[in-house]
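Reader: Before I use any of the labels attached to this model, I would like to see how each of them is justified. Could we go through them in turn?

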Amino acid sequence: MADGMIPGLVRGLATTARSLTRHTHTAEYPDVSPALPPRSRGVIALTEENCTSCMLCARECPDWCIYIDSHKEELPATTPGGRARQRNVLDRFAIDFSLCMYCGICIEVCPFDALHWSPEFEYAEVDIRDLLHEKDRLGAWMATVPAPPALDPGSADPAEVTAAAKPARGSAGAAGAAGAAGGTRGVGLPTRVRRETATATTPPAPTAAPTAQPQPATEAEPATEAAPTTEPAGDQTRVMPAAERTAALPVAERTATLPAAEQTSVLPPADGAEAEQAADEAAAQGDSTQVLPTVSTDEEGRE
Amino acid sequence: MSDLAPWVEVVLRAVAVLAAFLVLPLIVGQTEHKVMAHMQGRLGPMYAGGFHGWAQLVADGVKFVQKEDITPARADRWVFRLAPFVALIPYLVALAVIPLSPTVVGADVDASAVLVLAVIGVGIIGTLMAGWASANKYSLLGAMRAGAQLVSYELPMVLAVASVALAAGSLSLVSIAEAWKPWWLLWQLPGAVVFLVAALAELQRPPFDMPLADSEIVFGAFTEYTGLRFAFFLLAEYAGIVVMSLLFAVLYLGGWSGPFEQWLGWLWTVLKGFLVAVVVIWLRVSWPRMREDQLQRLAWVWLVPMALLQLALTAVGVVVFP
Ligand code: SF4
Ligand code: SF4
């Protein structure tokens, strides 16, 4: 036998004997759920309210496995003689996870943070066609999206904190500056703003804006502000049948008539989102007397 | 049991041997599952039977029974069908004559060492039959390799056993084990090593599994077998491990000698045999398969001279310290 063979054989025996005494590496998966890294790519969740049907994700997807249907809707001008505006309404948003290769490009590319990674991965199906997740299913995954990581110590404040520290928009042109600041801050920061205000399911990050001093987020206030939209409605072409009326009503009444709005599916069903949309409209018309959430100005700047 | 009618005693002994023949290989197989898994950092079977997969081999057996029994169209039908039994039965016979203690033995035969060696050699006929009758080139290659391996390794094995028999002055396994003394561990060490290596080779266990080499010739002589017949070949392999381990324990480890050997003798033999079986498994996990030429070289260049040397050493020992 060649030199070194016996030591080699003995070392082989020693190695296996050593592994015998050590802990095994087996992941007992169905019994013990795996400890996944926090940013695991399990499934893609959709915040429907954030999606503007811009189609960027569908176009960038290497597998072309995102299906988006939308239609345009005309919003009547809010002031007499104003210009009617158009808006995209999302009819269908579906991701075919039998084709998806989890590259994450759609999530990176979405300018409005409508898509997020969720670490959930147990959605295997018996029928491959069931892997096509429609937007309600994609939306349900939002509940499992982990909170964003905390900001680094010493980093700049999140946009909403900065905005909250500024005087209200009505006084002087400070609001415009705030909006500009929010816009130039880069894409990173508004990300948090959107996530925290738009999704009730996500727990707020440690650095979330203080709630006492700034304006309440989106719920009640824009709803009352949305009242002016009804005034010029008469002399504009009516594109929105029932839902526009519901949007204009006070909050209490609106929740009562909400099912009607859902049926016509002109506006996204969620209450907060609806209000936010109304706020956006008002912001777009440049009504400087209104106090608006920072979120909306941000979005305006980016749109 | 001597006060029973002779035929009752025969039946009882046969049933006991058959039970041992069916249970012990399963225990070795399950041990292999578990030990091999943990040596590779795995857990092995965990579900069958509930507790750490203890019933995995039972489940495997049920699976084999359910499978279709296929005989290839161009196979030599009778030979093909008979082969698994020819491979299996010799080990059953061998198990019957290996004593666990002077009283616990299936059949007490005079020259039992010779009988065991002779019978074990018959097992290879089953492999040769299987390889020849399968009408498959891989099967034939595997059978030829198995035959060549047997021819090479039978000689050192017989020489090693001859050495112990010479030392004990008897060809009966019971007498050999009774004559055993602890210092034989050193005196018969080369013979023990030769016997263990040759036994591994006869069983076609890794690192001597050239006749089965699944990366080259599919599964050697057993390529065409399915269902229960295939399971019999597997059972023969593990029964072979049991037989060889017990034989090693009786020949080289003193069999039943140990504390309370009056009552617990059989347990000592079984425990020693089990330890040897674990070593056999350990070698399988640790070492890579040998090439055919290396395998032949090992037998003729190393094992045969070593066995002859051991024989000379034993002869000197017997003459000098009678
Ligand atoms: S993660 Fe899936 S859906 Fe998104 S871009 Fe990649 S392949 Fe398309
Ligand atoms: S990129 Fe974002 S906003 Fe645009 S369609 Fe896709 S999900 Fe919607």
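Reader: How do the residues of the shell around ligand 2 divide into nonpolar, polar and charged?

Author: Bearing in mind that this is a predicted model, the shell around ligand 2 divides into twelve nonpolar residues, two polar ones and no charged ones. Of the 14 residues that surround ligand 2, the closest include A:C51, A:C54 and A:M55, and because Cys and Met both count as nonpolar, these three belong to the nonpolar class.

Reader: What is the make-up by class of the shell around ligand 1?

Author: The shell around ligand 1 has twelve nonpolar residues, one polar and one charged. Among the residues that come nearest to ligand 1 are A:C61, A:C100 and A:G104; since Gly is counted as polar, A:G104 falls in the polar class.

Reader: Why is A:M55 called partly exposed, and where is A:M55 placed in chain A?

Author: The relative accessible area of A:M55 is 30%, and because buried means under 20% and exposed means over 50%, A:M55 is neither and is therefore called partly exposed. A:M55 sits in the loop between strand 1 (43-46) and helix 2 (56-60) of chain A, and has a positive phi of about 70° although it is not a glycine.

Reader: What makes B:Q204 buried or exposed?

Author: B:Q204 has a relative accessible area of 8%, and as the cut-off for buried is under 20%, B:Q204 is therefore buried. B:Q204 lies in the loop between helix 8 and helix 9 of chain B, and its phi is near 55°, a positive value in a residue other than glycine. B:P207 is also placed in the loop between helix 8 (189-202) and helix 9 (214-217) of chain B, and the peptide bond from B:P206 to B:P207 is cis, with omega near 5°.

Reader: What area do chain B and chain A bury between them, and which three residues supply more of the area on chain B than any other three?

Author: The two chains bury about 1400 Å² between them, 67% of it on carbon and sulfur atoms. On the side of chain B, B:M39, B:L43 and B:W287 supply 34% of the area buried against chain A, more than any other three residues.

Reader: How many salt bridges are counted between chain B and chain A?

Author: The count is zero, which means that no side-chain nitrogen of Lys or Arg is within 4 Å of a carboxyl oxygen of Asp or Glu across the two chains. The count of residue pairs in polar contact between chain B and chain A, by contrast, is eight.

Note on methods:
Residues numbered from 1 in each chain as written. Chains lettered and ligands numbered in written order. Predicted model: local features only at pLDDT ≥ 70, side-chain atom pairs only at ≥ 80, totals over all residues. Heavy atoms only, no water. Buried area = accessible area lost by both parts, 1.4 Å probe. Polar contact = N/O pair within 3.5 Å; in protein donor to acceptor, adjacent residues only side chain to side chain. Near = heavy atom within 4 Å. Helix = DSSP H or I, 4+ residues; strand = E, 2+ residues; numbered from the N terminus. Buried < 20%, exposed > 50% of the residue type's maximum accessible area, 1.4 Å probe, protein only.
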